[in-house]
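Welcome! Let us take a walk through this protein together, one region at a time.

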Amino acid sequence: MIIFKTLTILISSACLVLTVPQGAREKDWWETGNFYQVYPRSFMDSDGDGIGDLKGVQQKVAYLKEIGMDGVWLSPIFDSPMADFGYDISNFTKVYPKFGDMQSIQELIDECNKNDIKLILDFVPNHSSDECEWFKKSVKRDPYYSDFYIWHPGKPNPNGGRNLPPTNWVSAFRSSAWEWNDERQEYYLHQFLAAQPDLNYRNPEVVKTMKNVLKFWLNKGINGFRIDAVPYLFEVGPDASGNYPDEPLTYKCADPLSQCYYDHIYTQMRSETVNMVTQWRTVMDDWQKENGGPTRVLLVEAYAPLAKVVEIYGENGKLNGAEFPFNFEFLNYLGPKSDAADFKAIIDNYLATIPQGSTPNWVQGNHDQHRSASRLGPQKADAVNMLLQVLPGAAITYYGEELAMEDVFIPWYRTVDPQACTTDPVTFHKYSRDPARTPMIWDDQRNAGFSNANSTWLPVGPDFRSNNVELQRSERSSHLNIFKKLMQLRKQDILMYGDYDSVLLNDDVLAVKRELSNNRTLIAVLNLGFTEQMVKLSTISQWQIPQVMEVYTASVGSGMFERQPVYTDEVYVAAGIGVVLDYQVGKRLPQPRGDDPGQYEQ
């Protein structure tokens with residue numbers, strides 16, 4: 001029999017006793033944390049200019065608390081000419097004026113702290129803007145800044161004229177990764193837009209400067225950083241003649257401007273990359289030792305093969321890197337035709353690949369991908385949210401996923417994403433990230449309550465009058481209220497400390513169990529396929545399952561109600577539907593309330 005020690009935490013306005021199994025290490029805040037990505041331009045506009053801002057985010061901190069978030073990650077807020085909407089930074093220690101100023105960010109930090117929410121900034125270390133003073137001085141060969149960026153005179157042109165680019169390297173935005181600068185008479189490297197020159201991490205002064213950026217924001221009260229584009233930090237060093245090698249062809253596609261055309265062995269996930277992350281982790285840990293407070297976290301973006309991604313947890317067999325690199329396996333491999341078998345295969349492979357003792361994490365969407373409900377199917381929105389919350393580790397929610405927000409069609413003439421604008425009116429849809437970046441849908445008023453401007457930077461989705469936060473708050477069974485129930489459950493002992501197992505009942509249905517022996521059992525029955533199913537949980541021979549469990553929460557349209565008793569040999573789940581079943585030792589099963597057939601005793 002498990003013995004429990006006790007501590008008390010606050011969830012919304014109710015006091016919950018959290019039991020921790022005797023001998024278990026108490027989890028740090030981030031290890032089972034829920035993180036919410038805010039895209040500031042699209043979250044809330046406080047001053048009526050059609051662009052979201054920091055004051056707007058501050059006004060909605062209460063909402064973030066309401067939905068149970070532990071950490072909130074802001075996409076870049078730093079001063080920028082906005083060639084890539086903030087990922088081209090001209091000043092790493094100044095706020096973009098349309099978002100606010102240093103007082104605005106300090107007030108947001110204070111408001112988050114009052115609500116026990118950790119604020120996390122987007123750290124973009126790979127490159128700066130070409131309008132950054134560092135780059136301007138590098139162009140002029142200032143002795144200190146001359147080698148802050150990667151410069152090369154280029155290859156001799158056999159036809160005469162200006163030298164050719166040094167290598168065949170291509171940027172992520174469909175161009176050569178080398179741009180000629182007339183003033184310096186050399187090429188500079190940019191793995192993204194030409195307006196985003198790559199910093200030179202082989203220069204110790206660059207390393208020192210970027211560590212100082214981290215310290216600057218830690219001193220302001222920031223609780224961590226999401227680190228952008230980590231695989232691109234280092235390129236192969238130059239040879240004795242100062243030259244770089246061409247990358248080999250992959251033969252995976254026929255477009256020489258596409259990333260798939262080359263094998264990026266010289267420009268991505270170089271051996272020095274993980275060491276740089278461990279150095280940043282040391283900065284964070286040293287700062288905390290000196291100043292106290294909660295763990296300051298590093299969350300890393302790395303689109304790379306999983307075997308490479310997991311190296312970012314640390315080097316030399318230690319967990320001395322990022323708290324976790326984002327798990328993009330759902331984003332990389334799941335789509336509208338994916339079923340439960342596909343989900344199960346990805347989950348099992350991921351959990352088997354991450355280092356022992358590391359914290360798993362689960363991501364279903366972000367600002368660079370189509371929205372989850374559009375990518376996987378809106379009927380699966382609740383089931384996918386259930387899956388992320390019952391799996392072990394941390395979960396990351398992109399703003400609006402709690403509402404099952406979908407992509408919004410953006411025509412060519414309204415397209416602003418540079419990744420799409422560098423293409424053409426025929427193919428831009430394939431590349432545009434704008435559909436997933438549209439304004440948050442707060443209510444049924446003008447511009448969905450996002451802004452009182454005449455127009456917004458991207459259009460609001462057309463269905464906001466029938467789908468918004470206020471409306472979903474008022475409905476008994478809504479995506480938002482189901483999400484909030486899951487968040488309450490997430491902060492309880494069963495999901496923080498319960499044993500995990502999952503079983504594929506058939507290609508459509510995945511069952512996930514979390515259990516505290518002799519105490520409580522949760523089973524999520526998730527139809528992630530395309531046909532309705534009646535499943536018998538008793539067929540799972542390795543599980544001991546109560547004959548009757550009660551519904552903790554169920555998908556919109558499931559026909560099931562909270563606290564409804566369900567026989568575990570007859571669990572009906574329509575296509576895309578999920579249900580979380582609950583059993584607690586010694587707890588009496590509820591009876592229907594006579595005044596409402598959809599209500600059961602609490």
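**A guided tour of the chain**

In UniProt, an unreviewed entry places the feature "domain: Glycosyl hydrolase family 13 catalytic" at residues 37–437. What you are looking at is a predicted model. In this model, the span of residues 37–437 is 30% helix and 12% strand, and its end C-alpha atoms lie 11 Å apart.

A domain assignment offers another way to divide the chain. It gives domain 1 four stretches, 34–127, 203–235, 267–410 and 466–482. Domain 2 takes in 128–200 together with 236–266, and domain 3 covers 497–584. If you measure between the centres of domain 2 and domain 3, taken over C-alpha atoms, you find 54 Å.

Let us begin with some strands. An open sheet of three strands runs in the order β8-β10-β9, and its pairing is antiparallel. Strands β8 (151–152) and β9 (178–181) stand at the edges; each has a single partner strand, so one side of each is left without a neighbour in the sheet. Between β8 and β10, where β10 is residues 186–189, there are two bridges in the antiparallel sense. You can find this pairing by looking for Trp-151, which stands opposite Tyr-188 in β10.

Further along the chain, strands β16 (residues 499–504) and β17 (residues 509–516) also run antiparallel, joined by six bridges. Together β16 and β17 make a hairpin, with four residues between them. A handy landmark here is Asp-501, whose bridge partner in β17 is Lys-513. As you follow strands like these, it helps to keep a general pattern in mind: in a regular strand, side chains alternate between the two faces of the sheet.

Now turn to the aromatic rings. Across the whole structure, a search finds 41 aromatic pairs. One aromatic cluster brings together Trp-29, Trp-30, Phe-35, Trp-73, Tyr-303, Phe-324, Phe-326 and Phe-328. Rings also meet charged side chains. Arg-41 lies over the face of Trp-457, 4.6 Å from the ring centre. In another such contact, the charged end of Arg-371 sits over the ring of Tyr-399, at 4.6 Å from its centre.

Where is space left between the atoms? Rolling a probe the size of a water molecule over the atoms shows where it is empty. The largest pocket has a volume of about 1700 Å³. Its lining is made up of 49 residues, and those nearest its centre are Ala-172, Tyr-232, Gln-259, Tyr-303 and Gln-369. Tyr-303 is a residue you have already met, as a member of the aromatic cluster. Helices α9 (329–333) and α14 (428–431) each supply at least two residues of this pocket's lining. The largest share, three residues, comes from α9.

There is enclosed space to explore as well, with five cavities of 30 Å³ or more in the structure. The largest cavity holds about 60 Å³. Its lining consists of Gln-364, Arg-371, Ser-372, Ala-373, Ala-381, Val-384, Asn-385, Glu-401, Ala-404 and Met-405. Two elements give two or more residues to that lining, α11 (372–376) and α12 (381–390). Of the elements, α12 gives the most, with three residues. Arg-371 makes a second appearance here: this residue lines the largest cavity, and its charged end sits over the ring of Tyr-399.

Methods:
Residues numbered from 1 in each chain as written. Predicted model: local features only at pLDDT ≥ 70, side-chain atom pairs only at ≥ 80, totals over all residues. Heavy atoms only, no water. Domains from an automatic or database assignment. UniProt positions renumbered as here; feature names shortened; annotations may be inferred. Pairing = 2+ DSSP bridges. Phe/Tyr/Trp six-rings, centres within 6.5 Å; stacked < 30°, edge-to-face > 60°. Lys NZ or Arg CZ within 6 Å of the ring centre and 35° of its normal. 1 Å grid on protein atoms, 1.4 Å probe; cavity = no way out; pocket = protein on both sides within 12 Å on 5 of 7 lines; lining within 4 Å. Points joined across faces, edges and corners; volume = space filled by probe spheres on them.
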